[in-house]
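Q: Please take a close look at the salt bridges in this model. I would like to know which residues take part and how each of them is placed.

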Amino acid sequence: MAAAAGWVRDDAAGGVALEILVQPRASRTRVVGEHDGRLKIQLAAPPVGGEANAALIEFLAGALHVRKGEVRIVRGDTGRRKTVQISGVAVAAALHALTP
């Protein structure tokens, strides 16, 4: 199945890979749309001590109804542009849950 959005794709490990742009220190945590081919997510957490990454993992796990252990940041751990791998989720389910 071809993805309707460039920010989500099937992953070889049986889940999905998401290309994400995070905006830390926002007023609340939410998906705001697509920006430069990535899904833009505002995070209420600050980008210090791994707080923003933890908030991103918790947000995605809740939105996609998976355990936090199924969500892994595979690229961009210290930057705003991240690649996140999520096990046990189909592309269609990710699109449905994360499209604003």
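A: In this predicted model, the count comes to 4 salt bridges.

One of them joins the side chains of Arg9 and Glu19, with N and O at 2.8 Å. Arg9 belongs to strand β1 (residues 8-11) and Glu19 to strand β2 (residues 15-23), so this salt bridge ties together parts that are 10 residues apart in sequence. The two partners differ in exposure: Arg9 is partly exposed at 37% relative accessibility, because the partly exposed class lies between 20% and 50%. Glu19, with a relative accessible area of 11%, is buried, since buried means under 20%.

Arg9 and Glu19 also belong to a network of salt bridges that takes in Arg38. Arg38 sits in strand β4, a strand that covers residues 38-42. With a relative accessible area of 17%, Arg38 is buried. The side chain of Arg38 has a further polar partner: one of its polar atoms lies 3.2 Å from the backbone oxygen of Lys82. Leaving aside neighbours within four places in sequence, the residues in contact with Arg38 are Trp7, Glu19, Ile20, Leu21, Gly33, Arg81 and Lys82. Glu19, from the salt-bridge network, is thus among these contacts, and so is Arg81, which has a salt bridge of its own.

That salt bridge pairs Arg81 with Asp36, and their closest N and O atoms are 3.1 Å apart. Arg81 is in strand β6 (residues 81-87), while Asp36 is in the loop between β3 (30-35) and β4 (38-42); the pair links distant parts of the chain, 45 residues apart. Arg81 is partly exposed, its relative accessible area being 41%. Asp36 has a relative accessible area of 58% and is exposed, because exposed means over 50%.

Another salt bridge is formed by Glu70 and Arg67, whose closest N and O atoms are 2.4 Å apart. Glu70 is partly exposed, with a relative accessible area of 22%, whereas Arg67 is exposed at 59% relative accessibility.

To put the placement together: Glu19 and Arg38 are buried members of the network, and Arg9 is a partly exposed one. In the pair of Arg81 and Asp36, Arg81 is partly exposed and Asp36 is exposed.

Notes:
Residues are numbered from 1 along each chain as its sequence is written. This is a predicted model: local features need pLDDT of at least 70, side-chain atom pairs count only at pLDDT 80 or more; totals for chains, interfaces and linings use all residues. Side-chain values use heavy atoms; hydrogens and water are left out. Helices (H or I, at least four residues) and strands (E, at least two) are DSSP runs, numbered from the N terminus. Buried means under 20% relative accessible area, exposed over 50%, partly exposed in between (1.4 Å probe, protein chains only). A polar contact is a pair of N or O atoms within 3.5 Å; within protein, one must be able to donate a hydrogen and the other to accept it, and residues adjacent in sequence count only if both atoms are side-chain atoms. Contact means heavy atoms within 4.5 Å.
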